[in-house]
Amino acid sequence: MSTERQRVERVPGSRRARLTPAPGSDPAPETPNGPDAGEPPASGPNDERLRNDVPPHY
């Protein structure tokens, strides 16, 4: 049984603590869209309308 565990670290000036990376995990974040991050997302038939619609309370 391994005694390596995540630890809780205090962050100065912050109300929240931070966990250290889990043993055996990759602490580097993944890219949001994977290797095709340069390609624009697929567009649907009513995407433009949805982007232009504003809720009545604005």
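Colour the chain by pLDDT to begin: this is a predicted model, and the protein chain averages a pLDDT of 79, with 76% of the residues scoring at least 70. Among the elements of the chain, strand S1 (residues 8-9) has the highest mean pLDDT, at 93, while H1 has the lowest, at 86.

Switch next to a cartoon view, in which the secondary structure of the protein chain comes to 1 helix and 2 strands. If you follow the chain along its sequence, these elements appear in the pattern β-β-α. Strand S2 covers 18-19 and helix H1 covers 47-52, with a loop between the two.

Now turn on the surface. The protein chain exposes about 6,200 Å², and carbon and sulfur atoms supply 51% of that area. Of the 58 residues in the chain, buried residues make up 3%.

Select Thr 20, which has its place in the loop between strand S2 and helix H1. Is this residue buried or exposed? Thr 20 counts as buried because its relative accessible area is 9%, under the 20% cut-off for that class. Leaving aside residues up to four places away in sequence, Thr 20 touches Arg 5, Gln 6, Arg 7 and Glu 9. With Arg 7 there is also a polar approach to display, since a polar atom of the Thr 20 side chain lies 2.8 Å from the backbone nitrogen of Arg 7.

Keep Arg 7 selected and show its side chain, which meets the side chain of Glu 9 in a salt bridge, at 4.0 Å from N to O. Arg 7 itself counts as exposed, at 52% relative accessibility, whereas Glu 9 is partly exposed, with a relative accessible area of 29%.

Stay with Glu 9 and add Arg 18 to the selection. The side chains of Glu 9 and Arg 18 meet in a salt bridge as well, with an N to O distance of 3.7 Å, and Arg 18 is partly exposed, with a relative accessible area of 48%.

Move on to Asp 53 and Arg 49, whose side chains form a salt bridge at 4.0 Å, N to O. In this pair Asp 53 counts as partly exposed, at 45% relative accessibility, and Arg 49 is exposed, with a relative accessible area of 60%. Which residues do salt bridges with shared partners join into one network? To see the answer, select Arg 7, Glu 9 and Arg 18 together, for these are the residues so joined.

As a last view, show the side chains of every salt-bridge pair at once; the count comes to 3 salt bridges. Adding Thr 20 to that view brings back the buried loop residue that touches, among others, Arg 7 and Glu 9.

Conventions. Residues are numbered from 1 along each chain as its sequence is written. This is a predicted model: local features need pLDDT of at least 70, side-chain atom pairs count only at pLDDT 80 or more; totals for chains, interfaces and linings use all residues. Side-chain values use heavy atoms; hydrogens and water are left out. Helices (H or I, at least four residues) and strands (E, at least two) are DSSP runs, numbered from the N terminus. Buried means under 20% relative accessible area, exposed over 50%, partly exposed in between (1.4 Å probe, protein chains only). Accessible areas come from the Shrake-Rupley method with a 1.4 Å probe; for residues, only the protein chains shown count as cover. A polar contact is a pair of N or O atoms within 3.5 Å; within protein, one must be able to donate a hydrogen and the other to accept it, and residues adjacent in sequence count only if both atoms are side-chain atoms. Contact means heavy atoms within 4.5 Å. pLDDT is the predictor's confidence in each residue, from 0 to 100.
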